[in-house]
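Biologist: Before we discuss this chain, please place its sequence and structure before us. I shall then put several questions on its architecture.

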Amino acid sequence: MNKLTQDVIQSFSGIENPRHHYLMTALVQKLHEYVQEVQLSPEEWEIAIRFLTATGQKCHEQRQEYILLSDVLGVSMLVDEINHQQHENQTPSTVFGPFFIPDMPVREYGAAIFKTLEPDQLPLLITGRVVDQDLQPIEYAKIEIWQTAENGMYSGQDSQQEIDNLRGIFFSQVQGEYAIQSLLPVSYQIPSDGPVGDLLNFSKRHFWRPAHIHFMITAPHYHDLVTHLFIQNDEYLNSDTVFGVKDGLIVNYGRCEPSAKIEQKFNISSAYYQIEYQFVLVRE
Ligand code: BEZ
Ligand code: FE
């Protein structure tokens, strides 16, 4: 090992916690290896410093440009991969993303999360159960859901939307059932007006994420599940700019004709789309 690298690693020998010591010394080693390997020039070093500075300057309470950077570099999904080893039939997890808002309204079984339905729009009924790895129902699991509006923007990003539009909290029923009325999601572009946008443009990469609906499902004594449902046949399923797509999360939706039963149960009198999905949580 290079003498300088050795000296720097040695300088961190005072870190008592073994894990923290390992994190720091491995970082120094890999960083030094990278700089050696690419033979970094002073001009390139300065560009990197300016990029990281600009990334920090873009961050504020509602904007986390470093998370976005981690997402487009695939680091967020690598952390997900390492920490959510698949149990056989467990629902796969994926990126959390920067657009979650806590403490949204709790809604009744089957309630709508949209504020308005355009005359030409059909509601999307999402139904299924929350179960454990033995397929036993989990009652009272907390289901938090969020998605973009038709313009590809989340409430919180878009001053035209009320903050709880297309967001809400549901609780699963006795047999683990849940039902949510929403809208078909659309593919949308991640924020492009910061250094991460510059990086993607420079790399001739696109900004699109395939249409998806976010879910965070939590229940006492179970591991939290942070995931999305992606819509089949979306043109960006194979090139999600944050690499979040997993096969087990791609769902199909069907169009259903109006029925008295659905009208009575969910107050839907028109035709509607439906997705059925079973979420599987794993015991702690
Ligand atoms: C999202 O799906 O909300 C998202 C995830 C990663 C980066 C940007 C947006
Ligand atoms: Fe999203």
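**Loops, sheet and helix packing**

Modeller: In this predicted model, Asn 233 is exposed, with a relative accessible area of 68%.

Biologist: Where is the place of Asn 233?

Modeller: Asn 233 has a positive phi of about 75°, although it is not a glycine. Its place is in the loop between β8 (225–231) and β9.

Biologist: Does Phe 243 count as buried, partly exposed or exposed?

Modeller: Phe 243 lies in the loop between β8 and β9, and has a positive phi of about 65° although it is not a glycine. Partly exposed covers the range between 20% and 50% relative accessible area. At 45% relative accessibility, Phe 243 therefore counts as partly exposed.

Biologist: Which strands stand at the edges of the open sheet?

Modeller: The open sheet has 5 strands with mixed pairing, in the order β3-β2-β7-β8-β9. Each edge strand has a single partner, so one side of each is left without a neighbour in the sheet; these strands are β3 (167–171) and β9 (250–251).

Biologist: Which residue in β3 stands opposite Ile 143?

Modeller: Strand β2 (residues 142–146) and β3 run antiparallel and are joined by 5 bridges. Opposite Ile 143, in β3, stands Phe 170.

Biologist: Which residues does Met 153 touch, not counting those up to four places away in sequence?

Modeller: Met 153 lies in the loop between β2 and β3. Its relative accessible area is 29%, so Met 153 is partly exposed. Not counting residues up to four places away in sequence, Met 153 touches Thr 148, Asp 158 and Gln 161.

Biologist: How far apart in space are Met 153 and Leu 125, C-alpha to C-alpha?

Modeller: In sequence, Met 153 and Leu 125 are 28 residues apart. In space, C-alpha to C-alpha, the separation is 21 Å.

Biologist: Are α4 and α6 roughly parallel or roughly antiparallel to each other?

Modeller: Helix α4 (residues 65–72) and helix α6 (residues 195–202) pack at an angle of about 25°, with their axes 9 Å apart. Angles under 35 degrees count as roughly parallel. The two helices, α4 and α6, are therefore roughly parallel.

Biologist: How do the residues of the contact of α4 with α6 divide?

Modeller: From α4, the contact is made by Glu 65, Leu 68, Leu 69 and Val 72. From α6, the contributors are Pro 195, Val 196, Gly 197, Leu 199 and Leu 200. The residues of this contact divide into 7 nonpolar, 1 polar and 1 charged.

Biologist: How far apart do the C-alpha centres of domain 1 and domain 2 lie?

Modeller: The domain assignment of the chain gives domain 1 (1–40) and domain 2 (75–280). The separation of their C-alpha centres is 41 Å.

How values were computed
Residues numbered from 1 in each chain as written. Chains lettered and ligands numbered in written order. Predicted model: local features only at pLDDT ≥ 70, side-chain atom pairs only at ≥ 80, totals over all residues. Heavy atoms only, no water. Axes fitted to C-alpha atoms, helices over the stretch in contact; angles between N-to-C directions. Helix = DSSP H or I, 4+ residues; strand = E, 2+ residues; numbered from the N terminus. Parallel < 35°, antiparallel > 145°, perpendicular 65-115°, else oblique. Contact = heavy atoms within 4.5 Å. Nonpolar A, V, L, I, M, F, W, Y, C, P; charged D, E, K, R; others polar. Domains from an automatic or database assignment. Pairing = 2+ DSSP bridges. Buried < 20%, exposed > 50% of the residue type's maximum accessible area, 1.4 Å probe, protein only.
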